[in-house]
Amino acid sequence: MTILVLAEHDNAELKDATARALTAAAAIGGDIHILVAGKGSKSVADQAAALDGAAKVLHCDNDLYAHGLAEPLALLITGLMANYDAVVAPATTSAKNTMPRVAALLDVMQVSDILSVESADTFTRPIYAGNAIQTVQATDAKKVITVRTTAFAAAGDGGSASIEDIAAAEDPGLSSFVGEELSKSDRPELTSAKIIVSGGRGVASGENFGKYIEPVADALGAAIGASRAAVDAGYMSNDYQVGQTGKVVAPELYIAVGISGAIQHLAGMKDSKVIVAINKDEEAPIFQIADYGLVADLFKAMPELAEELGKAS
Amino acid sequence: MKVVVPVKRVVDYTQKIRVKSDGSGVELANIKMSMNPFDEIAIEEAIRLKENGTASEIIAVSIGPQQAQETIRTALAMGADRGILVQSDDIVEPLGVAKILKAITDEEGPTLVILGKQAIDDDSNQTGQMLAALLGWPQATFVSEVTPDGDKARVVREIDGGLQTIQINLPAIVTTDLRLNEPRYASLPNIMKAKKKPIDMKTPDDYGVDISPRVKIITTVAPKGREAGIMVESVAELVDKLKNEAGVI
């Protein structure tokens, strides 16, 4: 079996999600190659080559792949698949966009968001926001798989794969990049953070995220998250959303502040190692899954928490 | 322009699902079913395009059991013009759905097909992208803003790092994210009117599509539960527990 892993990157840095998809690919078993498609992405190819477990890195550097547009990228991957039995990618928004397009071009039914590899063709995956877990067997000759990154450890460094430059595929000319607005933050990335402080509707405004959530996140070196309600209300932008249809996280510590705990939110964070809930409503469902619950007014408790943590360090 | 909007009948998002003890699946008997929330957003977007004069006709398509007719009626009551039900009592996988939708798209010739980005039952997030591939059309997934302009459209997409704006040629596939719009409720007069709107009854065979599953479901089990922990009385106690008991800070 030869497996192609699609690298997640921003042309400068290889994302940790790639190392996790690599671990899933290794569990399937076989020779593993990593595809780095980008523009000015030589350093990403070097980082991929250093991952432990990859035999080869295919590097395609071309304007067509500068922004990860699905149409050209899917053509590139599909063209390579004659030599591969499976293609595996982390379930990031970019791979979620591209991989089903690859699957349909190959006439393969994709298996999305796998949680474990039971055998080379059998996987578990969540359905109904993680309220049921299915074991499924992919019967297509080729496999197209996306990986829930929180369910797999990241492969380490120490590899020294060869890097092979490959030619671009044709330009489908269907779409073009206009621009992007990326959140800039010095905090750790949400999906790989060890600690997350997350706010919900109870935080009541974007300003309050700065006033009550940020100081605690700063004291802990934590990432900030938000519930759908907080994002819908415009307190935080979409990239902060944790939940069934947002980001799935599993940090060491998740502090849910003013979040009631709708099943759609729990779907995105219930695999966290330790969950803390701070909510003034003692009936809030979040307390049913929290390791430590504090019934309190967050506007009083959060400044106190920031102060306590300041003392502690 | 014509707009096709596929709508899926799923377990209502407020329902707590129960996994059958024999591992055969999720209990669907006597449970409230509704239109997939992302598909409601798709219908709403199509209606807004019609209201601003961009779209001329909205066709709601559902693939599913006889009862999926109710889901189409909901779309018609919101403002879609007519429906197509492709009846199947079997589970139709995203790839099979995409193939049926391709046949319908070939027949109807829409300029846009707007789909929900994922269904909240199987959480696959595949159908729109697959349909785009089969048609050879551009795709704009996870969209929070769509602005058609002549033979192109400008779309804003929700991505991991923030927002991305792309331009796509039309015809195209759009899949909806949560912030695209807030779907309307159907008014009583519109619910009455919807009863008179036509729904075409079809089967996958009518489109020559083989829907036999490619992914075999072996078992379905409930996830490992998470027990409630303890309540603390104060912030100081919380910090103490996190430090000395959980050891996470």
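This report describes a few local features of a predicted model, from its confidence scores to a strand, an interchain contact site and ring interactions.

**Confidence.** For the complex as a whole, the predictor gives an ipTM of 0.97 and a pTM of 0.96. Chain B has an average pLDDT of 97, and 100% of its residues score at least 70.

**Strand β7 of chain A.** Strand β7(A), residues 122–127, is mostly covered, with 6 of its 6 residues buried. In a regular strand the side chains alternate between the two faces of the sheet. Here both faces are covered, since A:Thr122, A:Thr124 and A:Pro126 on one side and A:Phe123, A:Arg125 and A:Ile127 on the other are all buried. The strand pairs with β6(A), residues 116–119, and with β8(A), residues 132–138, as set out in the table.

| Pair | Sense | Bridges | Hairpin linker |
|---|---|---|---|
| β6(A) and β7(A) | antiparallel | 3 bridges | 2 residues |
| β7(A) and β8(A) | antiparallel | 6 bridges | 4 residues |

Within the pairing of β6(A) with β7(A), A:Ser116 has A:Thr124 as its bridge partner, while on the β8(A) side A:Phe123 stands opposite A:Val136. The turn between β7(A) and β8(A) contains A:Tyr128, whose phi is positive at about 45 degrees.

**A:Thr93 and chain B.** Which residues does A:Thr93 contact, leaving aside its neighbours within four places in sequence? They are B:Phe142, B:Arg157, B:Glu158, B:Ile159 and B:Asp160. A:Thr93 belongs to helix α4 of chain A, which spans residues 93–105, and its relative accessibility of 14% falls under the 20% cut-off, so it counts as buried. A polar atom of the A:Thr93 side chain lies 2.8 Å from the backbone nitrogen of B:Asp160. B:Phe142, one of the residues in contact with A:Thr93, also has the charged end of B:Lys117 sitting over its ring, 5.6 Å from the ring centre.

**The aromatic pair.** Over all chains, the structure holds 1 aromatic pair. The ring centres of A:Tyr212 and A:Phe299 are 4.9 Å apart and their planes stand at 75 degrees, so the pair is edge-to-face. Because A:Tyr212 lies in helix α5 (residues 206–220) and A:Phe299 in helix α8 (residues 298–312), both of chain A, the pair ties together parts that are 87 residues apart in sequence. As for accessibility, A:Tyr212 is buried, with a relative accessible area of 14%, whereas A:Phe299, at 29%, counts as partly exposed.

Terms used
Residues are numbered from 1 along each chain as its sequence is written. Chains are lettered from A and ligands numbered from 1 in the order in which they are written. This is a predicted model: local features need pLDDT of at least 70, side-chain atom pairs count only at pLDDT 80 or more; totals for chains, interfaces and linings use all residues. Side-chain values use heavy atoms; hydrogens and water are left out. Buried means under 20% relative accessible area, exposed over 50%, partly exposed in between (1.4 Å probe, protein chains only). A polar contact is a pair of N or O atoms within 3.5 Å; within protein, one must be able to donate a hydrogen and the other to accept it, and residues adjacent in sequence count only if both atoms are side-chain atoms. Contact means heavy atoms within 4.5 Å. Two strands pair if DSSP finds at least two bridges between them. pLDDT is the predictor's confidence in each residue, from 0 to 100. Rings of Phe, Tyr and Trp (its six-membered ring) pair if their centres lie within 6.5 Å; planes under 30 degrees apart count as stacked, over 60 as edge-to-face and the rest as tilted. A charge sits over a ring if NZ of Lys or CZ of Arg is within 6 Å of the ring centre and within 35 degrees of the ring normal.
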